[in-house]
Every structure is written in structure tokens, then in C-alpha cells.
Amino acid sequence: MEMTMRWYGSNHDTVTLKQLKQIRYVTGVITTLYDKKPGEVWNRDEIHALKKEVEEAGLHLAGIESVNIHDDIKTGKGNRDEYIANYIETLKNLGEEDIHLVCYNFMPVFDWTRTELARVREDGSTVLAYTQKAVDELIPEKMFESISSDMNGTVMPGWEPERMAHVKELFDMYKDIDDEKLFENLKYFLEKIMPVCNEYDIKMAIHPDDPAWSVFGLPRIIINKENILRMMKMVDDPHNGVTFCAGSYGTNLNNDLPDMIRSLKGRIHFAHVRNLKFHSPDNFEEAAHLSEDGNFDMYEIVKALYDIGFEGPIRPDHGRMIWDEVAMPGYGLYDRALGAAYICGLWEAIEKSDKR
Ligand code: DNO
């Protein structure tokens, strides 16, 4: 595995590449052209400049999170073929810049959803949290309003104000889309892009839906073992792979995370590792990475990745906000750095006991 950190680019992130480089455990960066709208082509020179910036800081550009998918592709409407052609062009340009991993999601309207961005824990740290009750009491149009004041002046992925301004229209687009239709549209998209992924060896890594169930009545399909294996078989090409996000699949306590990892051998191209603390099955908060602080056995998760011979980039996922840091919720420097150190420690111990 390669330990990485997500970085939103110098115009958007509160964390610098220099700081990331000083986390001794981290060698790679997962980044994006954050200002690109879904459907836009990423030009080669823009990609080149981004890569150069990362490399000049002494880090490796390990992959892109995310190249977002236009809603016309997800709904199979309007200009989907044009947007797919643009996506192919972007993949080609990434491949030519020697970038071989692309994380994306196929969630309708919202990316990941949390109902609180700064729940205060006993020790005064703050964390992202979710309660189904809060979602049930809110109309979707109000979702952005209700959390935007806690974003610490940052723009959170999937929660861009200009996107949220059209949330009602977005919902209308999905009126007649159910799970089956969404699967069909995903298949159509993947079949079109696989040739370019094969040509440039680009590993596509779908991110699960978070939380792993339907919110606001929208269809959500990347939620459990059955569905993810269905997707792998539906387009049975190793370039059609997954981002194994422990914190997202783990929102559903019925998902057996180590078992899911083992069943996806060869298809996990990227891993997000974090822990959740549940107060009830639909009321949880994001914990420290340490097993003891949440409900997941992090040793078993990392061990499963080790056992399947996982070689891709891994990153600590959302961190708590600690030591008075002000940053994008979930994406501060300090607690993610602690997470990286912890995961590296687990990995080293597992590897050494295996080789002994
Ligand atoms: C949240 C992230 C997601 C993820 C996208 C992938 O912190 O894990 O926003 O990047 O769903 O496209």
C-alpha cells in the first residue's frame, strides 16, 4: 500500500503540501481540479500543472478524487453521450500524464450526507455526525442551509453552493429513476469508458454511497456486498473497481467490512480507512481512527486489506477537529496525520508477524 492524504489544491485547502510532506508516513497525494464542474473536460496542461506542483513538494500524485459524473449520465438523460465523451477525453489526458487512478461516485444529487458538521465530543473535539431523525425532519432544499454555517469558510465536495442552488431541479431529474435504472445507467457509462481505461491502464474506483441507504427517497445502489459484487460482474473488467471506504459501507452495521474486502480481492484500487461511533443504528458520529474509539475493529480491516495483497493508495479518512484547528470539516491536518500514523503502525505489525 501507499499511504496518502487527500488534498484539495492550494486555492481550496487549509493544509499545505509542505505540511503533508512532513507527515513522515505519507508519500502520496490524492487530489483533484476542484474548480471543474461535472461534465467539463480536464485539459492536459491543467493536469500537468497540478502534478508538477505536487511533485515539486516531494510527493507523488497517487490518484484523482474525484472526476465527478454529470447528472445527465446518472439519469441517462439529456446530453449524456456528450458528457461521456468529455469524461473519456479527461481520462485520456490523465493517462497521458501518467495518472492511473480515478475515484468517482454515482450518488444522485448529494454526495456524502451528514446532518452535523461539528458535533462536540466529551473531550471538546468536534466531528461530523448523522442522525436519520434530522434528515426525516428536513426538506432537502433546506439541507444546505442547515449545514452551510459549519463549513469553516470552505467548500465541501458535493455541497458547492451553486449546485445546492439547483437542488430542486436536481431532484426533479431523478423522479423516475429507481435502483434498476441507476444500475443500467452506470453500466452504460462503464462500458463506454472501459476501452480508454484499458488503453491507459486507468483504474476506476467507485466510492460507496454514504450513508449506505436511500436518503430523501433518492435511489442509492453502492451500499452493500451484494450490490457491489453485482456491479463488478456487470462490467467484468479489472479496471472497473472500487474505493473501499470503511466509513461509508460501515454506516450500515449489517455490512461485514473485512468480509467485503476479502470478496473484492483484485478490485479494490483505493482504500479510505476510518472509524465510526454508533449511538443507535441510525445515529452515528465519526470517531478517532483508533479501534477503541468507535465500533469498528481497525486491525481486522487493515488485515483484510493486507491479506488480499492490496497495493494501492490508502488514506486516513475524515479526522476529528482537534487542537483548535480551523479547516474543512473532516479534512484538517492533525487528526488525519494521527490516522495515517496509526494505519501505518497496524500495517507494519501485520506485515512483520506475517513474514516471521
Ligand atoms: C467524503 C468523500 C467523498 C468522495 C466522493 C467520491 O469525504 O469520501 O466526497 O470523495 O464521494 O467521488
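Student: In this predicted model, how far does helix α14 reach from its first C-alpha to its last?

Tutor: Helix α14 covers residues 334-355, so count 1.5 Å a residue using one less than its number of residues. With 22 residues, the expected span is 32 Å. The helix comes close to that, and its reach is 32 Å.

Student: Which elements do the buried residues of α14 pack against?

Tutor: Start with who is buried: D335, R336, A337, G339, A340, Y342, I343 and L346. Those residues of α14 pack against three strands and a helix, if you go by the labels: β1 (2-6), β9 (268-273), β12 (313-316) and α13 (298-307).

Student: Are α13 and α14 roughly parallel or oblique to each other?

Tutor: Two packed helices are described by the angle between their axes and the distance between the axes. Here the axes of α13 and α14 come within 10 Å and cross at roughly 60 degrees. Roughly parallel needs an angle under 35 degrees, so α13 and α14 are oblique.

Student: Which residues of α14 make the contact with α13?

Tutor: The crossing of α13 and α14 is right-handed. On the α13 side, the contact uses M298, Y299, V302, K303 and Y306. Their partners in α14 are I343, L346, W347, I350 and E351.

Student: Let's move to α2. Which of its residues are exposed on the face turned away from its buried side?

Tutor: First find the buried side of α2, where I47, L50 and V54 are buried. They cover an arc of only 65 degrees around the axis, which puts them on the same side of α2. The face turned away from there carries the exposed residues D45, A49, K52 and E56.

Student: Why do residues three or four places apart point the same way in an α-helix?

Tutor: Think about how the helix winds. Residues that far apart point the same way because a turn of an α-helix takes 3.6 residues.

Student: What covers the buried residues of α2?

Tutor: The residues to cover are I47, L50 and V54. The cover includes the strands β2 (28-31) and β3 (60-65), along with the helices α1 (17-22) and α4 (80-96).

Student: What is the phi of G58, the glycine that follows α2?

Tutor: Helix α2 takes in residues 44-56, and G58 comes after the helix. The phi of G58 is positive, near 85 degrees.

Student: How is α4 oriented relative to α9, roughly parallel or roughly antiparallel?

Tutor: Helix α9 (residues 179-200) packs with α4 at an angle of about 15 degrees, and their axes are 10 Å apart. Among the α4 residues that meet α9 are I84, Y87 and L91, while the α9 side includes F189, I193 and V196. Angles under 35 degrees get the first of your two labels, so α4 and α9 are roughly parallel.

Student: Is V242 buried or exposed?

Tutor: You'll find V242 in strand β8 (residues 240-245). Leaving aside neighbours within four places in sequence, its contacts include A205, I228 and L264. Because 25 other C-beta atoms lie within 10 Å, and 20 or more is the cut-off, V242 is buried.

Student: And P157, buried or exposed?

Tutor: P157 sits in the loop between α6 (140-148) and α7 (161-164). P157 has 20 C-beta neighbours inside 10 Å. The cut-off is 20 or more, so P157 counts as buried.

How values were computed. Residues are numbered from 1 along each chain as its sequence is written. This is a predicted model: local features need pLDDT of at least 70, side-chain atom pairs count only at pLDDT 80 or more; totals for chains, interfaces and linings use all residues. Helices (H or I, at least four residues) and strands (E, at least two) are DSSP runs, numbered from the N terminus. A residue is buried if 20 or more other C-beta atoms lie within 10 Å of its own, exposed if 12 or fewer, and partly exposed in between; C-beta atoms are placed from the backbone. The arc is that of the directions from the helix axis to the C-beta atoms. Two residues are in contact if their C-beta atoms, placed from the backbone, lie within 7 Å. Axes are lines fitted to C-alpha atoms, for helices over the stretch in contact, and angles run from 0 to 180 degrees between N-to-C directions. Angles under 35 degrees count as roughly parallel, over 145 as roughly antiparallel, 65 to 115 as roughly perpendicular and the rest as oblique. A crossing is left-handed if the near helix is turned anticlockwise from the far one by less than a right angle, and right-handed if clockwise.
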